[in-house]
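Student: I'd like to go through this model with you and ask, at each step, what a label rests on. Could you show it to me?

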Amino acid sequence: MKDLKEILNKAKSLGPKKIAVANALDFEVILALKKAKKEKIAEGILTGRKEEIEKLLDKAEINSGYFDIENIEDEFSASQFCCDLINKGKADVLMKGLVGTASFMKAILDKQRGIGTGKLLSHLAVFEIFNFSRILMLTDAAINISPDLLEKAQIIQNAADFAHRLGMFDPKVLCITPVEKINPEKLPSTVDCACLSMMAKRGQIKGALVDGPFGLDNAVSEEAARIKKIKSPLAGKADILLAPDIEAGNVLYKTLTELAGARCGAVVLGTKVPVVLTSRADNFETKFLSIALAVAGSGK
C-alpha cells in the first residue's frame, strides 16, 4: 500500500460500520466520528452522560439525533456496555473515549463480558510519511512493555493477520534493534530477532516474511542496506517494524508524528474486533484515521 488513501477507500467500501464509543466525552472523538459518518465509514453509538455528550454535539454543530446515545454515568460501565454491544453483534468496532486506559482495558479483558480472545493484545500503528514510498507499520508502541520471544511472535502474528485483512499478503516484518549483528551478551534483543526469523521460516509465524536483526536505517532504506552490506532479500523493504520494547516503539511513534509530521492511524489487536485506543493528545485527524483503519481491518 502506498498511502492511507488506500485504507480510506477500503474502509468506505466496507462501511458504514457501527462504532461503540466508551464514554464519548472527547470533542476530538466527536469530530472524528462526524467525518467518519459523512464519509460513510462509520455510524457512532455514543455512551456516557447524555447531557454532556449533547453539549459536545452542539459545540461540533451536530444535531442530537445524528448519533445513537446511551446514557451511562461512569466510564467503566460505559466500557462494559460497549463490549456487550460487540458481543451481541450490535457494533463492529470498539473505541476509547474519555476513559482511563486501565478501566478501558479491564472491561475488554473481563472474562464474562469482555472481548478478549485469549491472544496477547498488541498495538499496531500505520504511518504515511512524507517522501516515503509506502505506508509503514509499527508494533508495539503502546501495550507490551518488554515482550519476551514468544510474545513478540504473537505480536508479529497479530500484525500480519491484520495486514492480510487490509489486503497486504506476506508483509515484510523487519525486527529492529540498534545493530544488525547478533550480540547475546549486550543486546539480547538481537537474539530474539534471529529466532523470530527462524520461527517464521519454520511456520511458527504464518503469513509474513520475517527477518532481523536490522538497524532502523537498513530496515527502511535499501541504499543504507547496500552501503552496510546487509545480505537479506528483505533489507530496506519493511512493511512492518517490530520494536524490541515499548520504549523504542513509543519513541519512534512520537518521533514520526511529532517531528516528521507523519499521518497516523492505530488500533489494538488480539480482540474479537479492532479497538481504537488513541491518546487524549492525538488530534482529530489521527482519531479519524484510526477509525478508518479499524473499519478497513474489521472484515466483511
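Tutor: Let's start with K229, which sits in the loop between α9 (222-227) and β9 (240-242). Keep in mind that we are looking at a predicted model.

Student: Why is K229 called exposed?

Tutor: Exposed means over 50% relative accessible area. K229 has 68% relative accessibility, so K229 counts as exposed.

Student: And what is phi of K229?

Tutor: About 60°, a positive value, although K229 is not a glycine. That deserves a second look because most residues other than glycine have a negative phi.

Student: Which loop holds D170, and what is its phi?

Tutor: D170 lies in the loop between α6 and β7 (172-176). Its phi is near 50°, again positive in a residue other than glycine.

Student: Why is D170 called partly exposed?

Tutor: The class lies between the cut-offs of 20% and 50%. With a relative accessible area of 43%, D170 falls in that range and is therefore partly exposed.

Student: What makes the bond between G15 and P16 a cis peptide bond?

Tutor: Look at omega: about 0° for the bond that joins G15 and P16. P16 lies in the loop between α1 (4-14) and β1 (17-22). A cis peptide bond also joins G212 and P213, with omega about 5°, and P213 is found in strand β8 (residues 209-214). As background, most peptide bonds are trans.

Student: Now the helices. Why is α6 called oblique to α7?

Tutor: Helix α6 (residues 149-166) and helix α7 (residues 188-201) pack at an angle of about 55°, with their axes 10 Å apart. Roughly parallel needs an angle under 35 degrees, and roughly perpendicular begins at 65. The angle fits neither class, so α6 is oblique to α7. Their crossing is right-handed.

Student: Which residues meet there?

Tutor: From α6, L149, L150, K152, A153 and I156; from α7, S189, D192, C195, L196 and M199. By class, this contact has seven nonpolar, one polar and two charged residues.

Student: How do you know that I155 is buried?

Tutor: I155, which has its place in helix α6, has 1% relative accessibility. Buried means under 20%, so I155 counts as buried. Setting aside residues up to four places away in sequence, I155 touches L120, S122, T139, D140, N144, P147 and L242.

Student: T139 is on that list. Is T139 buried or exposed, and what makes it so?

Tutor: Its relative accessibility is 2%, and with the cut-off at 20% T139 therefore counts as buried. T139 is found in strand β6 (residues 136-139). Beyond its neighbours within four places in sequence, its contacts include S122, H123, L124, I155 and A159, as well as I240, L241, L242 and A243.

Student: How do you know that strand β5 is largely enclosed by the rest of the structure?

Tutor: Count the buried residues: six of the seven in strand β5 (residues 122-128) are buried, so this strand is largely enclosed.

Student: What makes β5 and β10 a pair, and β5 and β6 another?

Tutor: Pairing needs at least two bridges. β5 and strand β10 (residues 263-269) have seven, in the antiparallel sense, and S122 stands opposite L269 in β10. Three bridges join β5 to β6, which also run antiparallel. There, the bridge partner of A125 is L138 in β6.

Key. Residues numbered from 1 in each chain as written. Predicted model: local features only at pLDDT ≥ 70, side-chain atom pairs only at ≥ 80, totals over all residues. Heavy atoms only, no water. Helix = DSSP H or I, 4+ residues; strand = E, 2+ residues; numbered from the N terminus. Buried < 20%, exposed > 50% of the residue type's maximum accessible area, 1.4 Å probe, protein only. Contact = heavy atoms within 4.5 Å. Axes fitted to C-alpha atoms, helices over the stretch in contact; angles between N-to-C directions. Parallel < 35°, antiparallel > 145°, perpendicular 65-115°, else oblique. Left-handed = near helix turned anticlockwise from the far one by under 90°. Nonpolar A, V, L, I, M, F, W, Y, C, P; charged D, E, K, R; others polar.
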